[in-house]
Amino acid sequence: MLRRVLRAGAPALAAIALAGCSTLPAPEGAPRVVGAGPLPVDVEAARRAIALYRSAHGLGAVEVDPALNRVAQRQADAMARADTLSHTLAGELGARVAAEGIKRGAEAENVSAGYPSFERALLGWQHSPGHDANLLYRPIRRIGIAAAAAPGTRYKTYWALVMTD
């Protein structure tokens with residue numbers, strides 16, 4: 001799943017939902033999953049893998065931003081608790097980024113579920129045109145990556161990757 005938000009001037013904000021992206025709503029009245037929570041992620045290894053992929057495509061490196069890690073973790077946790085994929089369970093991306101005091105600019109988000117490791121999640125994103133476009137989005141310089149485990153759900157693991165300029 002992905003969402004890219006571009007900022008062009010002060011109030012101009014355009015949301016672009018690229019091909020292959022949809023939100024799977026939680027069933028009406030579905031209970032929240034008990035026992036869902038953060039899953040450790042080697043963020044430095046994730047940064048290196050993303051930087052290497054971007055470098056292979058002639059793009060600049062990325063750095064891990066602890067504030068973006070928090071934004072990503074809240075989204076991954078929210079998806080795990082609700083047992084659903086969504087870009088908005090923890091709020092709209094722009095609002096989540098702004099709540100961390102991060103200056104608004106180019107933003108992108110990839111979410112996914114069911115992958116047992118970051119390497120598999122990254123491979124899935126690379127093979128999805130819309131997600132890949134976010135990974136290779138030229139302005140991106142900072143990332144936050146997080147996962148949440150929800151053992152009793154259909155997907156078991158939920159991933160969120162938040163990227164900004």
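The following exercises, with worked solutions, concern a helix pair and three individual residues in a predicted model.

Local features need pLDDT of at least 70 and side-chain atom pairs pLDDT 80 or more, whereas totals for chains, interfaces and linings use all residues. Numbering starts from 1 along each chain as its sequence is written, and side-chain values use heavy atoms, without hydrogens and water.

**Exercise 1.** Determine how the axes of α1 and α4 are arranged, and which residues make the contact.

*Solution.* Helix α1 spans residues 43-56 and helix α4 residues 118-126. Their axes, lines fitted to C-alpha atoms over the stretch in contact, come within 11 Å and cross at roughly 25°. Angles under 35 degrees count as roughly parallel, and α1 and α4 are therefore roughly parallel to each other. The contact (heavy atoms within 4.5 Å) is made by Ala46, Ala49, Ile50 and Tyr53 of α1 with Phe118, Leu122 and Gln126 of α4.

**Exercise 2.** Establish whether Ser112 is buried or exposed, and identify its side-chain polar contact.

*Solution.* Ser112 belongs to strand β5 (residues 107-113). Buried means under 20% relative accessible area, exposed over 50%, and partly exposed in between (1.4 Å probe, protein chains only). Ser112 has 7% relative accessibility and so counts as buried. Its side chain forms a polar contact of 3.5 Å with that of Trp125; such a contact is a pair of N or O atoms within 3.5 Å, one able to donate a hydrogen and the other to accept it.

**Exercise 3.** State the phi of Asp83 and its location.

*Solution.* Most residues other than glycine have a negative phi. Phi of Asp83 is near 55°, a positive value. Asp83 lies in the loop between α2 (66-82) and α3 (93-99), and at 19% relative accessibility Asp83 counts as buried.

Methods:
Axes fitted to C-alpha atoms, helices over the stretch in contact; angles between N-to-C directions. Helix = DSSP H or I, 4+ residues; strand = E, 2+ residues; numbered from the N terminus. Parallel < 35°, antiparallel > 145°, perpendicular 65-115°, else oblique.
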